[in-house]
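Please read the following note with the sequence and the model side by side. It is addressed to a reader new to protein structure.

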Amino acid sequence: MNRVAGKVVLITGAARGQGRSHAVHLADEGADIIAFDLCEDIASNGYPLATPADLEETGKLVEKAGRRVVTAKVDVRDRAALKREVDAAVARLGRLDVVVANAGIAPLGNDVPVEGFVDAFDVDFVGVVNTIHVALPHLGGGASIIATGSVAGLVPQTGLNGQQALQGPGGDGYGLAKKMLQTYTHSLALTLGPKSIRVNAIHPTNCNTDMLQSPPMFRTFRPDLENPTAEDAKVTFPFMQAMPTPWVEPEDISHAVVFLSSDESRFVTGQQLRVDAGAGLKLGV
């Protein structure tokens, strides 16, 4: 307990999934939370995104842990709106110590229009950059920046389809965004090192969230079936990992987030941390 006591943490994509899990785990360890989410759907993305009710529930869970929380409906693609909301939240909570740039989408499928490339790249890379850059003026020595990548996005872009199993324009945009996060976080870590601000990326494998448990992802893992179900996909999900599991849970990622947010990691920077049950080993990345 109290591993991040007194810290204020900004989390994007906080309404559900990994983002909500990070918010709750960090609150349980003593942090106050700034929780942002789009809370509406994106047309090219073939599964529903979080709702205002989801974000409200995240806020309630943080308050249940006895911590302060500021929530806002904000699009990470809109830097001006992000700056306005971050500035307002920091003014209310008094400081900012950690940024978890977590918001992401995966508009997979060969039926996705080219807008899927734009949306995936803009949310998954531009949105990360926007989040971090508007937060930088509020960060001082000892701060930590954490970006959410993806092991699946680290495989080489090959073939007509682009991302091997990540099909269509959205898969290509997703893969490009996650690859660029490696270079971006590495460079930013070098730049901010003299200020004692740490920058790291976490790359999960299949994670048991709404993104994974969705028809586009089921079709990605079971292209042999016209309308695969969750049970159909669960047969092939374990093939991704070296360890015998179909997925990791959001809390498995949250444990890494808590560590990188805490002073326990005060000299850990520029790292690409895979929480992947050995998926990277199998993919050769």
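The points below concern one helix and the nonpolar cores.

1. Basis of the note. This is a predicted model, in which local features need pLDDT of at least 70 and side-chain atom pairs count only at pLDDT 80 or more, while totals for chains, interfaces and linings use all residues. Residues are numbered from 1 along each chain as its sequence is written, and side-chain values use heavy atoms, with hydrogens and water left out.

2. Length of helix 2. Helices (H or I, at least four residues) and strands (E, at least two) are DSSP runs numbered from the N terminus. Helix 2 covers residues 52-64, and its 13 residues should span 18 Å at 1.5 Å a residue (1.5 Å times one less than the number of residues). The end C-alpha atoms are 18 Å apart, which agrees.

3. Faces of helix 2. Leu55, Thr58, Gly59 and Val62 are buried, that is, under 20% relative accessible area with a 1.4 Å probe and protein chains only. Seen down the helix axis, these buried residues fall within an arc of 100° (taken from the directions from the axis to the C-beta atoms), so they line one face. On the other side, Ala53 and Lys64 are exposed (over 50%).

4. Surroundings of helix 2. Its buried residues pack against helix 1 (17-28), strand 2 (32-37) and strand 3 (69-73). Just after helix 2, Gly66 takes a positive phi of about 85°.

5. Cores. A nonpolar core is a set of buried Ala, Val, Leu, Ile, Met, Phe, Trp, Tyr and Cys residues joined through side-chain atoms within 4.5 Å. The largest has 59 residues, of which Ile34, Leu96 and Ile145 touch the most other members. Helix 4 (residues 115-135) gives the largest share of this core, nine residues.

Terms used:
Contact means heavy atoms within 4.5 Å.
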